[in-house]
Amino acid sequence: MKNLRSFFLVLIPLYAYGAAAFGKQVEVIWETAHAGNPVLPGYFADPSVLVQDGKFFVYATNDPWGGETLGCWESADFKQWTFRALNWPTKAACTSATSKGAMVWAPSVVRAKSGEFFMYVSVGSEVWVGVADAPLGPWKNALGDKPLIAGNWKPEFHMIDAEAFVDADGSAYLYWGSGWNWTNGRCFAVKLKADMVTFDGEPRDVTPANYFEAPFMVKQGGKYFLTYSNGKTISDTYEVRAAVGDSPLGPFVEIGESPILASNMRNDLISPGHHAVFAHGGKSYIAYHRHRLPFEENTAFRQVCVDELTFTDYGTINKVVATHSGPAFVQGRAMAGNLATTEAGAVATASSVAPGQFSGAARVIDDNYATLWTASAEAKGGWLQLDLGATKAVKKSVLRFEYAWKKYAFTLESSADGKTWKRLSDQRAGGGVSGSPVTVEHAGEARYLRIVFPGTVAGKEIGVIEWAVF
């Protein structure tokens with residue numbers, strides 16, 4: 001069975017979009033080593049992409065279903081990402097008399113004509129606004145202790161998923177709105193005054209056909225494309241659709257190419273949506289979340305992916321070809337000099353493997369953020385081990401855990417024979433370490449390295465996405 005599976009892992013990458021000999025894209029399957037999608041390690045949804053001063057910033061919901069704050073990632077090349085803890089927004093700082101229980105969701109970050117950065121974010125089923133002088137803050141409530149859009153503004157609809165759009169002349173607009181119980185989504189839009197927190201006129205209902213939530217404005221060729229999500233993010237029906245108008249406030253008519261991004265169950269591309277569009281290298285790209293794999297309906301463990309967005313010759317949006325490989329600029333993420341790769345002869349083993357993780361520990365050295373090793377929850381701890389194939393000089397380990405914002409307590413050990421172990425680092429103080437990547441210095445020589453976990457993390461399985469050694 002193992003040999004048969006290995007055969008199919010070699011064969012299957014050729015099937016997805018046809019053979020290269022026919023001039024079509026050759027796609028990889030989701031487990032393929034070095035796949036570029038997802039671009040972020042861990043579970044994140046509702047991405048907002050900011051390109052500023054030669055750097056990329058991705059702000060996103062911490063999955064499942066948000067957290068006390070947001071996920072924020074910074075990169076110079078869209079390949080190596082560092083998790084950044086923001087001081088704002090937090091559930092505590094964004095709570096009013098009209099707030100509901102929903103956590104921090106769905107950020108939209110833009111730079112205003114003034115040069116300041118504004119973030120529109122859903123907290124407690126209402127929209128809050130933050131302002132900062134730099135992408136990483138410090139951020140603060142732009143309106144003090146009140147939301148921009150209260151939860152009871154139109155209680156029959158869901159006041160979430162606010163997205164800001166800054167036109168070429170510096171004029172700004174805000175779009176938001178969803179429904180309840182996966183039905184009756186409405187989209188509201190309004191022009192913003194120069195302060196970015198005052199409505200310039202009354203909000204309009206600009207809901208196009210087949211709208212549920214997550215609006216995002218795209219301008220192309222003098223036309224305004226309102227793109228948005230429809231369906232259920234917890235099933236395979238979530239998708240991105242598009243409507244077009246002559247002004248930022250519509251009216252909007254759905255384009256014939258809708259949906260422009262949808263599930264492809266055959267290729268394990270499931271429930272893509274709540275997206276952002278950004279430019280890079282003279283091209284347009286769409287960042288969106290999809291379900292983790294293997295797919296589990298009614299869950300919200302989503303991952304951020306990127307693919308190219310193109311326009312038709314007659315001025316509308318082409319259907320997006322969603323891939324596991326991702327566009328060229330997100331590929332080639334593997335770091336030079338990494339000793340912990342199959343190409344370098346490394347082998348990974350573990351004390352236990354959670355059900356469904358049928359590739360086991362080998363997932364931590366495949367340079368693929370869609371895969372990971374998780375220990376069995378019943379094990380209440382365990383170890384993850386690397387055999388580097390020979391005794392080598394080692395300086396540090398670079399780890400990406402399943403949840404960047406949670407603490408992981410562990411010790412790191414080395415061995416020459418896999419029997420006698422020497423402790424190199426103890427990361428148990430204060431409940432452990434958080435972040436991504438987590439770098440552990442351990443200069444010396446070793447053939448074997450082992451991470452020992454004393455127990456579960458916040459009641460969840462212990463999960464490691466990637467382990468690199470230099």
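Two strands count as paired if DSSP finds at least two bridges between them, and in this predicted model the strands β23 and β24 are joined by four.

**View A. The hairpin of β23 and β24.** Strand β23, covering residues 411-415, runs antiparallel to strand β24, covering residues 422-426. Within this pairing, S414 of the hairpin stands opposite K422 in β24. Six residues lie between the two strands of the hairpin, and in the turn G418 has a positive phi of about 80 degrees.

**View B. The open sheet of β1, β2, β3 and β4.** Four strands follow one another in the order β1-β2-β3-β4, with antiparallel pairing, and the sheet they form is open. The edges are taken by β1 (44-52) and β4 (82-83), each of which has a single partner strand, so that one side of each is left without a neighbour in the sheet. Seven bridges connect β1 with β2, which spans residues 55-62, and the two pair in the antiparallel sense. One position to locate in this view is S48, whose bridge partner in β2 is Y59.

**View C. The surroundings of S436.** S436 belongs to the loop between β24 and β25. Is this serine, S436, buried or exposed? With a relative accessible area of 1%, S436 is buried, because the cut-off for that class is under 20%. When residues up to four places away in sequence are left out, S436 touches P41, W73, W81, T82, F83, R400 and A404. The side chain of R400 also makes a polar contact of 2.9 Å with that of S436. F401 is 35 residues from S436 along the chain, yet the C-alpha atoms of F401 and S436 are separated by 7.0 Å.

**View D. Two nonpolar cores.** The largest nonpolar core has 34 residues, and W373 and W467 are those with the most contacts inside it. At least two residues of this core come from each of β22 (382-401), β25 (438-453) and β26 (463-469). Another core, of 21 residues, lies apart from it and includes A112, F118, F188 and V197.

**View E. Positive phi at M196 and N210.** Most residues other than glycine have a negative phi. M196, which is not a glycine, nevertheless has a positive phi near 70 degrees, and its place is in the loop between β11 (188-192) and β12 (204-205). N210 is likewise not a glycine and has a positive phi of about 60 degrees, and N210 is found in the loop between β12 and β13 (213-220). How exposed is N210? N210 counts as partly exposed, at 39% relative accessibility, whereas M196 is buried, with a relative accessible area of 3%.

**View F. Cis peptide bonds before P251 and P259.** Most peptide bonds are trans. The bond from G250 to P251, however, is cis, with omega near 5 degrees, and P251 is found in the loop between β15 (239-245) and β16 (253-254). S258 and P259 are also joined by a cis peptide bond, for which omega is about -5 degrees. Where does P259 lie? P259 lies in the loop between β16 and β17, the latter covering residues 273-280.

Key
Residues are numbered from 1 along each chain as its sequence is written. Side-chain values use heavy atoms; hydrogens and water are left out. Buried means under 20% relative accessible area, exposed over 50%, partly exposed in between (1.4 Å probe, protein chains only). A nonpolar core is a set of buried Ala, Val, Leu, Ile, Met, Phe, Trp, Tyr and Cys residues joined through side-chain atoms within 4.5 Å. Contact means heavy atoms within 4.5 Å. A polar contact is a pair of N or O atoms within 3.5 Å; within protein, one must be able to donate a hydrogen and the other to accept it, and residues adjacent in sequence count only if both atoms are side-chain atoms.
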